[in-house]
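Student: Got a minute to go through this one with me? I'd like to talk about how the pieces pack together.

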Amino acid sequence: MSTTDPAAQAQALREQLHYHAHRYYVLDDPQIPDAEYDRLFRELQAIEEAHPELLTPDSPTQRVLGRVLEGLTPVRHAVPMLSIRTETDTEATGAIAFDVRVRKELGLTEADPPVEYAAELKFDGLAMNLRYEDGKLKHAATRGDGEVGEDVTHSIYTIRQIPLELHGKGSHPPVLEVRGEVYMRRDDFERMNEAQREKGEKTFVNPRNAAAGAVRQLDSAITARRPLSFYAYGLGEVQGWDQPATHSAVLDALERLGQPVSKERVVVQGAQGLVDFHARIAQVRDELPFDIDGIVYKVNSLELQKRLGFVSREPRWAVAHKYPAQEQVTLLRDIEIQVGRTGKLTPVAKLQPVFVGGTTVSNATLHNVFEMRRKRVRKGDQVIVRRAGDVIPEVVGVVPTPRAHYVPNFKMPAQCPVCGSTVVREKGEVAYRCTGGLFCAAQRTEAILHFAQRRAMDIEGLGDKLVRQLVDGGIVRTLPELYKLGVAKLAELDRMGGKSAQNLVDALDKSRGTTLPRFLYGLGIRHVGETTAKDLAKHFGKLDALMDATLEQLLEVPDVGPIVAQSVRTFFEQPHNREVVEQLRAAGIHWPEHEPAERAAPLPFAGKTFVLTGTLPTLKREEAKERIEAVGGKVSGSVSKKTDYVVAGEEAGGKLDKARELGVAILDEAGLLSLLAS
């Protein structure tokens, strides 16, 4: 910035941050990277810390501060936040009945033109009133009883979709109350609940309750950690603003003022337009990123709304047309265990079939045994089942009714129900897992895909769709059976001609010659990644020594702690896993072995650092790295004074230039191979 005036700098930064936050959180169209936004944010923070008098309530920096209240203050609404009538008939007749009532109240006959309606989504969240004075957010309040709500301004400040200052140049109206819904997206809700489960903490029943609970927190720092969103859908008190003539135009105007407004809204003519919109949204309801429980129909003309007025504190000009409920109560008949692709054991509720979320549900996840105990879920209970969108149906709670007799808590099995392998739960985790990864039928697809990936056995052409065909067709049941595949059998599969089949057989044959680290990584031992596999191979030198190693011996490996050591020990203690390993070796898989690290001679390039840049003629980047590491060298991603060699191929860029500047030795592929051979 050219100006050195702190006040001007702060104001300019606030405007930039407000603009970019709107692009990111409301329009989903960011113009700058997150790092640049963070830089501007830190710059504004620094100015405000140095000049506290410049701090304003609407500053972006105030959205993330923790503010704790002793209690929520009552707020009387200038214009009551009234509820609207609910049409519980989920069929098309609900829309038709509303149109009939409106036309009757307006005194219209069949000869008169159809009524124009605005149709929009009915969000499943917490109703909110945002009061702006002279364009700036003054306070926010919940609906409450319609007359009096609760001041939750401190929480609303943390929702980045909500503008702290209305957009647009020039003067803003003295008072403009925006009404809308605070809600939580399904994906945000699932991520938040999964994080809670991993920590063994309380999960939330549904996005609506999670959003409502977050807004009503006395500590706004807690609210800031909850992923809340907002949509505007109407007005409260308005002073000094020339309102548009229709409800749809009001929403368009709010959008121009920076308020987030749902795109799923239409203006239609007559009952048939409402019926069509209700049917269209019903088809895409599960695809929406948030929960809705219906559609809201409103007479579009504000003048006609005034003529229609209210009855029993409900507007005659609006109605909510419901969809089937996403939560229902049913009987939990039994509890079974499902083994996932990664070996995770999940308790599954077998339910008395119930229609929920638009489909019949007979199974629902219980997540884990700790979640079950926290919710006090037991066989024979009446339970609340929730299904929303593509989310797997889940049991979210129990209807508190006395049990006829004692029912013990459910216990996880000691052996995998699929393969009989030992089931373990690591310290600090809530998940139980099957240890028979190479043997368990439930884990076949995942085990084969992991084994075949480029960083493991590098079996080119063995992708997800092909593996599923092989597993689902019973052609491959264990890893060793991959090496029995022939061209004729493979050519019979979908999208596999003779040439593709031959290429895969060749790739399998090529993969027989590998390295011990790649083989170890390909086995899919829990917690053993590429680096740990290299450490284990380097330390033990031979697979047999590793398989027979005690827990104490495993802990001697650099960077291997108790969790990893126990995982390796548990894996090789399973007879099934050892059998698969022996069968793989019998299939011809081999690698060079060496003496254990403590008896081996120092590697010739220990302590030497290499950098790879560009494309080498014959060696893949990973292959070159492996060869360097095999003789003790280290491969780095950047060039510095400590670099010993830069290996440059075609289209080498800045790294080669820097190597020349620093006088680092430069090699081509031939030079690298010659050096390693020496």
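Student: Okay, which strands does α3 lie across?
Tutor: In this predicted model, α3 lies across β2, β3, β10 and β13, and runs at about 165° to β13. Lying across rests on contacts, meaning heavy atoms within 4.5 Å. For the angle, axes are lines fitted to C-alpha atoms (for helices over the stretch in contact), and angles run from 0 to 180 degrees between N-to-C directions.

Student: And how are helices and strands assigned here?
Tutor: They're DSSP runs numbered from the N terminus: helices are H or I with at least four residues, strands are E with at least two.

Student: What should I know about the numbering and the confidence filter?
Tutor: Residues count from 1 along each chain as its sequence is written, and side-chain values use heavy atoms, with hydrogens and water left out. As the model is predicted, local features need pLDDT of at least 70 and side-chain atom pairs count only at pLDDT 80 or more, while totals for chains, interfaces and linings use all residues.

Student: Back to the sheet under α3. What's the strand order?
Tutor: The order is β2-β13-β10-β3-β9, an open sheet of five strands with mixed pairing. Two strands pair if DSSP finds at least two bridges between them. The edges are β2 (85–87) and β9 (265–269), each pairing on one side only. From one strand to the next, the twist averages 30°.

Student: Which strands does β10 pair with, and over how many bridges?
Tutor: β3 (residues 116–123) pairs with β10 in the antiparallel sense over seven bridges. β10 and β13 (residues 318–322) also run antiparallel, joined by five bridges.

Student: Which residues face each other there?
Tutor: On the β3 side, Lys122 stands opposite Gly294, and Ala119 has Tyr297 as its bridge partner. Tyr297 also stands opposite Val319 in β13.

Student: Why is β10 described as largely enclosed?
Tutor: Eight of the eight residues of β10 (residues 292–299) are buried, so the strand is largely enclosed by the rest of the structure. Buried means under 20% relative accessible area, exposed over 50%, and partly exposed in between, using a 1.4 Å probe and protein chains only.

Student: Does anything else sit on these strands, say α8? Where does that helix lie?
Tutor: α8 (residues 247–256) lies across β3, β9 and β10, at about 160° to β9.

Student: Switching to the four-stranded sheet: what's the order there?
Tutor: That open sheet goes β5-β4-β7-β8, with antiparallel pairing. Its edge strands are β5 (136–142) and β8 (229–239), each pairing on one side only. Neighbouring strands are turned by 25° against each other on average, direction ignored. β4 (residues 126–133) and β5 pair over six antiparallel bridges, and Asn129 stands opposite Ala141 in β5. α8 packs on this sheet too, touching β7 (175–183) and β8, with its direction at about 110° to that of β8.

Student: Now helix on helix. At what angle do α3 and α9 cross?
Tutor: Roughly 150°: the axes of α3 (residues 93–106) and α9 (residues 270–284) come within 8 Å. That makes the two helices roughly antiparallel. The cut-offs are under 35 degrees for roughly parallel, over 145 for roughly antiparallel, 65 to 115 for roughly perpendicular, and oblique for the rest.

Student: Is the crossing left-handed or right-handed?
Tutor: The α3–α9 crossing is right-handed. A crossing is left-handed if the near helix is turned anticlockwise from the far one by less than a right angle, and right-handed if clockwise.

Student: Which residues make that contact?
Tutor: From α3 there are Ala95, Ile96, Phe98 and Asp99, and from α9 Gly270, Ala271, Leu274 and Val275. By class, the α3–α9 contact has six nonpolar, one polar and one charged residues. Here Ala, Val, Leu, Ile, Met, Phe, Trp, Tyr, Cys and Pro count as nonpolar, Asp, Glu, Lys and Arg as charged, and the others, Gly among them, as polar.

Student: And how far apart are the axes of α22 and α24?
Tutor: The axes of α22 (residues 621–630) and α24 (residues 669–677) are 10 Å apart, with an angle of about 25°. That makes α22 roughly parallel to α24. Ala624, Arg627 and Ile628 of α22 meet Leu672, Leu673 and Leu676 of α24.
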